[in-house]
Amino acid sequence: NHKQEQGPNQDPQQGQQQEPQPNKQTEQGPPDLEDVFNNLMKKMGGGNKGGNGSNSNPPSLPFSKLLPIAAVIGAVVWAASGFYTIQEAERGVVTRFGQLSTIQMPGLNWKPTFIDEVTPVNIERVQELRTNGSMLTQDENMVLVEMTVQYRVEDPAKYLFSVTRPDDSLKQATDSALRYVIGHMTMDDILTTGRAVVRERTWTTLRDIIKNYDMGLVVTDVNFQYARPPEEVKAAFDDAIKAQED
């Protein structure tokens, strides 16, 4: 009777079993997405702790992972910055921490940046300097002379480190050599037949001077431009020369 009162298919347990079940995939969808997000954050070093939004890894973990990559990139950039080229007419003077190290030949070379410094020096370019002035002759006359000197670098290391300013030193040496030669010749010889003598004696004296200084320079030519009396007495000298010719 009890069963009949409830009627067919009225079993409470059966009724509970026959209740429509919720969609399992729909109910478990959000946790699955959250797990995927948490796993992704863990791989990146910033995973969630217990899914409540707090970091499970220390903040310094990403920097520790990026540090080797940054070190590799820095090493590549440092190595690439060390390549340089020396031209055919040049020599590279390499200094390591300010001290002379080696001389590099033309071509592609490499140096450790911040450790070595390279200064290219042209050893084939011929340079010219000019010196002139009023000089006293052996017979105590004043004469205006001018001379040009052509030179080039022979030893790039000595050129950079033997003297402070080698070009200025060479000019002073030329002026000194020319005054010495003019001071040992008479006015007539300088103005007439002694021009070639002045040139040869000046060249020889100049070579001896720069040899002692060891400047790394070589004199290739010396040209005696002119020699004339001062403008104040030029007319008198012209008359004297004309009288000698007559």
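Contact here means heavy atoms within 4.5 Å. The structure described is a predicted model, and that sense of contact applies to the packing of its helices.

**Overall composition**

The secondary structure of the protein chain comprises nine helices and ten strands. The chain has 246 residues, of which 29% are buried. When contacts between residues at least 6 apart in sequence are considered, 63% of them join residues at least 24 apart.

**Helix α6 and its surroundings**

Helix α6 covers residues 166-182, which makes 17 residues. At 1.5 Å a residue the helix should span 24 Å, and the 24 Å between its end C-alpha atoms agrees with that expectation. Its buried residues are P166, L170, A173, T174, A177, L178, V181 and I182. Viewed down the axis of α6, these buried residues fall within an arc of 160 degrees, and therefore they line one face of the helix. The general geometry of such helices is relevant here: an α-helix has 3.6 residues a turn, so residues three or four places apart point the same way.

The partners of this buried set are both strands and helices. The buried residues of α6 pack against the strands β8 (127-136), β9 (142-153) and β10, and against the helices α5 (156-161), α7 (187-191) and α8.

P166 belongs to helix α6. Why is P166 classed as buried? A residue counts as buried under 20% relative accessible area, and P166 is buried because its relative accessible area is 7%. Apart from neighbours within four places in sequence, P166 is in contact with Y159, M215 and L217. Although P166 and I210 are 44 residues apart along the chain, their C-alpha atoms are separated by 9.7 Å.

**Helix α8**

Helix α8 contains 19 residues, and the distance from its first C-alpha to its last is 27 Å, close to the 27 Å expected at 1.5 Å a residue. Its buried residues are V198, T202, W203, T205, L206, I209 and I210. The elements covering them include β9, α6 and β10.

**Residues with positive phi**

Two loop residues are set out below.

| Residue | Phi | Loop | Relative accessible area |
|---|---|---|---|
| F97 | about 55 degrees | between β4 (90-96) and β5 (99-104) | 63%, exposed |
| D214 | near 55 degrees | between α8 and β10 | 34%, partly exposed |

F97 has its positive phi although it is not a glycine. D214, likewise a residue other than glycine, takes its positive phi just after α8.

**The largest pocket**

About 190 Å³ of space lies in the largest pocket. Its lining consists of E154, D155, K158, R207, I210, K211, D214, M215, G216, L217, V218 and V219. Helix α8 (195-213) and strand β10 (217-228) are the elements that give two or more residues to this lining. By class, the lining has five nonpolar, one polar and six charged residues.

Several residues discussed above recur in this lining. I210, one of the buried residues of α8, is among the lining residues. D214, from the loop between α8 and β10, also lines the pocket. M215 and L217, which are in contact with P166, are likewise part of the lining.

Technical notes:
Residues are numbered from 1 along each chain as its sequence is written. This is a predicted model: local features need pLDDT of at least 70, side-chain atom pairs count only at pLDDT 80 or more; totals for chains, interfaces and linings use all residues. Side-chain values use heavy atoms; hydrogens and water are left out. On a 1 Å grid over the protein atoms alone, a cavity is a set of points where a 1.4 Å probe fits but cannot get out, and a pocket is an open set with protein on both sides within 12 Å along at least five of seven lines; lining residues have an atom within 4 Å of a point. Grid points are joined across faces, edges and corners, and a volume is the space filled by probe spheres set on the points. Helices (H or I, at least four residues) and strands (E, at least two) are DSSP runs, numbered from the N terminus. Ala, Val, Leu, Ile, Met, Phe, Trp, Tyr, Cys and Pro count as nonpolar, Asp, Glu, Lys and Arg as charged, and the others, Gly among them, as polar. The expected span of a helix is 1.5 Å times one less than its number of residues. Buried means under 20% relative accessible area, exposed over 50%, partly exposed in between (1.4 Å probe, protein chains only). The arc is that of the directions from the helix axis to the C-beta atoms.
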